[in-house]
Amino acid sequence: MIMAEKFYLTTPIYYVNDVPHIGHTCTTVAADILARFHRQLGDQVFFLTGTDEHGAKVAQAAEKENLTPQAFCDRVSENFIKAWKQLNISNDYFIRTTNPAHKKFVSEFIQKVYDKGDIYKAKYEGSYCIGCEKFVTETDLVNGKCPLHPADEIQKQIEENYFFKLSKYTKPLIKAIEDKNDQNHYQISPPAKKEEVLSKLKTGIDDLSISRANVPWGIPIPWDNNQTIYVWFDALLNYYTATKITDREEYWPTNLHLVGKEILWFHTVIWEAMLLSAGVPRPKKVFAHSFYMIDGQKMSKSIGNVIKPEDLVIKYGVDGTRYLIASSFPYSDDSDVSWKKFTEKYNADLANGLGNLVARVAKLAEKAEIKNPAKSGKITETKFKNYCEFLEKLQFSDALAFIWDKISRMDKEIDKNQPWKLEGEKLVEFLERVIPEILEISLLLEPFIPTTSIKIQKQFTAPTIKSEPPLFPRLY
Ligand code: MSP
């Protein structure tokens, strides 16, 4: 049940080595839908997204472009800001890890963990995947390569690093996940992901190297300026530092971290342990979705199948894109998408389904010269219990199926009643039953397609209802 008055939700902060693509769009649009839904319910929302700007991967990308890392980050983070504006993303703040205030809070935090005795120096010998910015073991690799970054060479590293006593927190973390009454309890969702984390924790975990000796592009370790803080230690803290930077400390702890499945471990184990160590309250829930596959393949620059949000917007419009992302959201399994599937779905659900229904009813209302149209209502958890639960659990396709079921029932009712043959009072009576339903549909759709929903609400609550151009022109 949704009780939170304050609702703080986040997306991962994206690496600036890449342009925004459909994968980043997936998480950001999903978070935006939830943020708008909670605002609709009357919650006070803090919705955070941003960019992850330190580390070897970003430094390498900057070097390739012959730019200083800072100039490069300034340029690429702007691409993310623009992409989210274009998609009508309603984030309340955009955090960048190169923000001096963030850096200051990160230094203070790591110092606290050090002072507590949870950090020690030791020799690290092993492998590192720059693509993941992660230390890897043999079991993570397939034929000696990282399955997520097969084009990259795995680096061999031997260096003196600072280590965080992650293993010390194994038992408290298992208890916090399993025991709902534990004071540190947090949820991992969907359930299969929770099991995945628990079983890995139960096999035992090692301490974690949290500094780098040869990566100058990062925040210096406060007590040893020859090393920089491991990019993930710095990045995870964005969720906490953002509340301080924006003076929104009352929103802490986060209600929901929305992430992709490949970074589940960082958020459910490393992050929670860091906070436990520093004595900071823990986030309440982490949800990890799966991945988009493009035409059955992994999306990659070398295959040339990367789908960019601006290309989707050109073809389907802002709300069309948002709808297509939500309806194909990879809730638990990977979701296969393609331009062909998107166009079919757009035509079936938006051009024919919603668009056609709205156009039909508006035309009849114009003919009937309706005088006192209905008012827009409100979404309440009691009235739309199932729908609200679907949204709360990020089961977008179920929430949308609930709405489209309403749409098709209305279509059937119109076909049955043949209102185009009705005149005068009879037509008005019919429309007075149908228009409130259209308004209800538009309210339910507001988190998904906000501009279109408001357009429908304005159209059907105006003093005279008029036919308008199609909401979603058919694509061929
Ligand atoms: N910088 C880290 C996150 C730090 S959070 C403290 C990072 N950045 S990333 O740019 O690689 O973005 C990863 C995220 O993008 C995934 O967790 C997921 O949210 C999204 N996606 C990237 N590719 C994706 C798909 N193919 N499909 C769906 N979402 C995916 O990791």
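# Ligand shell, sheets and backbone geometry in a predicted model

Colleague: Of the 23 residues around the ligand, which come nearest?

Modeller: The model is a predicted one. The ligand has 23 residues around it. Those that come nearest are Ile13, Thr27, Asp52, Gly260 and Tyr292.

Colleague: How far from a nitrogen atom of the ligand does a backbone N or O atom of isoleucine 13 lie?

Modeller: Isoleucine 13 is among the residues that come nearest to the ligand. The pair consists of a ligand nitrogen and a backbone N or O atom of isoleucine 13. The distance between these two atoms is 2.8 Å.

Colleague: What is the distance from a nitrogen atom of the ligand to an N or O atom in the side chain of aspartate 52?

Modeller: Aspartate 52 is also listed among the residues that come nearest. Here the protein atom belongs to the side chain, and its partner is a nitrogen atom of the ligand. Their separation is 2.7 Å.

Colleague: Which residue has a side-chain N or O atom 3.1 Å from an oxygen atom of the ligand, and what percentage of the ligand's accessible area does the protein cover?

Modeller: The contact of 3.1 Å involves the side chain of glutamate 262. On its own, the ligand has 670 Å² of accessible area. The share of that area covered by the protein is 92%.

Colleague: Which element gives the most residues to the shell around the ligand?

Modeller: Elements that each supply at least two residues of the shell are β1, α1 (22–40), α7 (231–236) and α8 (238–245). The largest contribution is four residues, and it comes from β1.

Colleague: How many residues of the shell around the ligand are charged?

Modeller: By class, twelve residues of the shell are nonpolar and nine are polar. The number of charged residues is two.

Colleague: Against which elements do the buried residues of helix α2 pack?

Modeller: Helix α2 spans residues 56–64, and its buried residues are Ala56, Lys57, Val58, Ala61 and Ala62. These buried residues pack against two strands and a helix, namely β1 (6–15), β2 (44–52) and α3 (69–86).

Colleague: Is asparagine 66, which follows α2, buried or exposed?

Modeller: Asparagine 66 lies in the loop between α2 and α3. Its phi is positive, near 60°, although the residue is not a glycine. Most residues other than glycine have a negative phi. Because the relative accessible area of asparagine 66 is 73%, above the 50% limit, this residue is exposed.

Colleague: Where does glutamate 369 lie, and what is its relative accessibility?

Modeller: Glutamate 369 is in the loop between α11 (339–368) and α12 (385–392). Its phi is near 50°, again a positive value in a residue other than glycine. Glutamate 369 counts as exposed because its relative accessibility is 56%.

Colleague: Why does threonine 170 count as buried?

Modeller: Threonine 170 is located in helix α5 (residues 170–178). Leaving aside residues up to four places away in sequence, threonine 170 touches Leu201 and Ile205. Buried means under 20% relative accessible area. Threonine 170 therefore counts as buried, with a relative accessibility of 13%.

Colleague: Which strands stand at the edges of the open sheet β9-β11-β10?

Modeller: The three strands of this sheet are paired in the antiparallel sense. Two bridges join β10 to β11 (residues 224–229), and proline 220 has threonine 228 as its bridge partner in β11. Two of the strands have a single partner strand each, so one side of each is left without a neighbour in the sheet. These edge strands are β9 (211–212) and β10 (220–221).

Colleague: In the sheet β5-β4-β6-β8, which residue of β5 stands opposite tyrosine 128?

Modeller: This open sheet has four strands with antiparallel pairing, and its edge strands are β5 (134–136) and β8 (208–209). Strand β4 (residues 119–129) pairs with β5 over three bridges. The residue of β5 opposite tyrosine 128 is phenylalanine 135.

Colleague: Which residues are joined to proline 190 and proline 253 by a cis peptide bond?

Modeller: Proline 190 is in the loop between β7 (187–189) and α6 (191–202), and proline 253 is in the loop between α8 and β12 (256–260). Most peptide bonds are trans. For the bond to proline 190, omega is about -5° and the partner is serine 189. For the bond to proline 253, omega is about 0° and the partner is tryptophan 252.

Key. Residues numbered from 1 in each chain as written. Predicted model: local features only at pLDDT ≥ 70, side-chain atom pairs only at ≥ 80, totals over all residues. Heavy atoms only, no water. Buried < 20%, exposed > 50% of the residue type's maximum accessible area, 1.4 Å probe, protein only. Contact = heavy atoms within 4.5 Å. Pairing = 2+ DSSP bridges. Near = heavy atom within 4 Å. Polar contact = N/O pair within 3.5 Å; in protein donor to acceptor, adjacent residues only side chain to side chain. Areas by Shrake-Rupley, 256 points an atom, 1.4 Å probe, with all protein chains shown as cover. Nonpolar A, V, L, I, M, F, W, Y, C, P; charged D, E, K, R; others polar.
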